Amino acid sequence: MSADNPLPLHIRRQGLDPADELLSAGTLTRVTVGSGADAESAWMATGHAVVRQVLGDHTKFSTRRRWDPRDEIGGKGVFRPRELVGNLMDYDPPEHTRLRQLVTPAFTLRRMRRMGPYIDQIVADRLDAMEQEGSPADLIELVADEVPGAVLCELIGVPRDDRAMFMQLCHRHLDASLSQRKRAAVGEAFSRYLLAMIARERKDPGEGLFGSIVAAHGDAVTDEELRGFCVQVILAGDDNISGMIGLGVLALLRHPEQIDALRGDDQSADRAVDELLRYLTVPYAPTPRTAMEDVTIADKVIKAGESVICSLPAANRDPALQPDVDRLDVTREPIAHVAFGHGIHHCLGAALARLELRAVYTALWRRFPALRLADPDQETTFRLTTPAYGLTSLMVAW
């Protein structure tokens, strides 16, 4: 961090782009994380090849975020605080392998496609609300902030009468502006709801996420693992998708010649979604990796115990991928981007995210073919909080 810009280097943005100082920082460089007495030195990777190497090597890099004397030594058990139980990003093999194998069948492409009609209806309902609001309207408030939560409730199997309350608890649980005491109280209430729901699903499994997992695996997955996994799914599936909806619409309105790709066949729309994911890359970085041994990468030695922050937006704008990666081109052949991470921690919900984004983008321009920025000269306000980039509002007209 610097006096001029207090934000950590890896989350700095300039509009729709990673900040110049991030892109020019170097493929693998030293950075300072935190400030004052809490300041620590770490590595930051921005090059696409280096990011893939770090994220793809789970034998040399760990995702564990808290180490304790009770951690695994000589075959003993692993200590993990409750808030990290079930969070796959805090698990290394073989623990990660076991838990991921239990939950992966709930996220198969076939199962996600069965969510299609529900997603289409959710999107249609939100576009109805936007139309009723009248032109101009805030796309973020009426669509981007509403669609992901509704889809998550359908995925998890939250009863319809509970969904408003559930999402309120969820948002407050993740609200960094609340005091630590308030967040703890909300988090406890959220956990109680999830555990009660899991208990019901164990007695009578439904078709949602919990029901499908307990029906297939029973006691092989614990209640606390299911609770923690659900929190991770919500964290990844809410802010990330909300950010992508808003930023994707803004990017297309700034490049109107590319909107036609969304009016073509599914393949054209899927290619457009993939390019928007690469170009915008709303997650700043996955869980930092800790080197478990000395590792030489890009002619630099990362010592055992040192952390590596992988900048996903910078990696996806690496000129080594293609000479024109700074240009949005929704017709280009898909690039092997890292917007969903890489390696064993590649996002489980990638297929659902793509399905959701395609549904929103295509339905939006089908319903509002003349969609435009309400005031092209108005300054756009961006959401700079972690873990995902986004917009605080986007006024559109039609």
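**Notebook: cavities, cores and cysteines**

I began with enclosed space, and searching the whole structure turned up one cavity of 30 Å³ or more. A reminder to myself: this is a predicted model.

**The cavity.** I looked up the volume of the largest cavity and got about 50 Å³. Then I listed the residues around it: Val54, Leu55, Asp57, His58, Phe61, Thr63, Asp92, Arg289, Ile344 and His345. Sorting that lining by class, I count four nonpolar, three polar and three charged residues.

**The second largest pocket.** Next I turned to open space. The second largest pocket holds about 380 Å³. Its lining has 16 residues, and Ile122, Arg126, Glu146, Gly149 and Ala150 are the closest to the centre. I wanted to know which elements supply two or more residues to this lining, and they are α5 (116–133), α7 (147–156) and α8 (163–173). Helix α5 gives the most, with five residues. By class, I noted six nonpolar, three polar and seven charged residues in the lining of this pocket.

**The cores.** Which residues touch the most other members of the largest nonpolar core? I found Met130 and Phe166, in a core of 95 residues. Helix α11, residues 223–254, gives the most to this core, with 15 residues. I followed Phe166 further, leaving out residues up to four places away in sequence, and its contacts are Cys153, Ile156, Val158, Phe190, Tyr193, Leu194 and Ile234. I also found a second, separate core of 17 residues, with Phe61, Val295, Val308 and Leu312 among them. I had already met Phe61 in the lining of the largest cavity.

**The cysteines.** How many disulfides does a search of the whole structure find? I got zero. I checked Cys153 first: the nearest cysteine sulfur belongs to Cys170 and is 8.2 Å away, and Cys153 is in no disulfide. Cys153 is buried, with 1% relative accessible area. I had seen Cys153 before, as one of the residues that Phe166 touches.

Then I asked why Cys230 has no bond to the closest cysteine sulfur. The closest one is in Cys170, and I read off 8.3 Å between the two sulfurs, which is too far for a bond. My cut-off for a disulfide is sulfur atoms within 2.5 Å. Is Cys230 buried or exposed? I put it down as buried, because its relative accessibility is 0%.

Key
Residues numbered from 1 in each chain as written. Predicted model: local features only at pLDDT ≥ 70, side-chain atom pairs only at ≥ 80, totals over all residues. Heavy atoms only, no water. 1 Å grid on protein atoms, 1.4 Å probe; cavity = no way out; pocket = protein on both sides within 12 Å on 5 of 7 lines; lining within 4 Å. Points joined across faces, edges and corners; volume = space filled by probe spheres on them. Nonpolar A, V, L, I, M, F, W, Y, C, P; charged D, E, K, R; others polar. Helix = DSSP H or I, 4+ residues; strand = E, 2+ residues; numbered from the N terminus. Core = buried A, V, L, I, M, F, W, Y, C linked by side-chain atoms within 4.5 Å. Buried < 20%, exposed > 50% of the residue type's maximum accessible area, 1.4 Å probe, protein only. Contact = heavy atoms within 4.5 Å.
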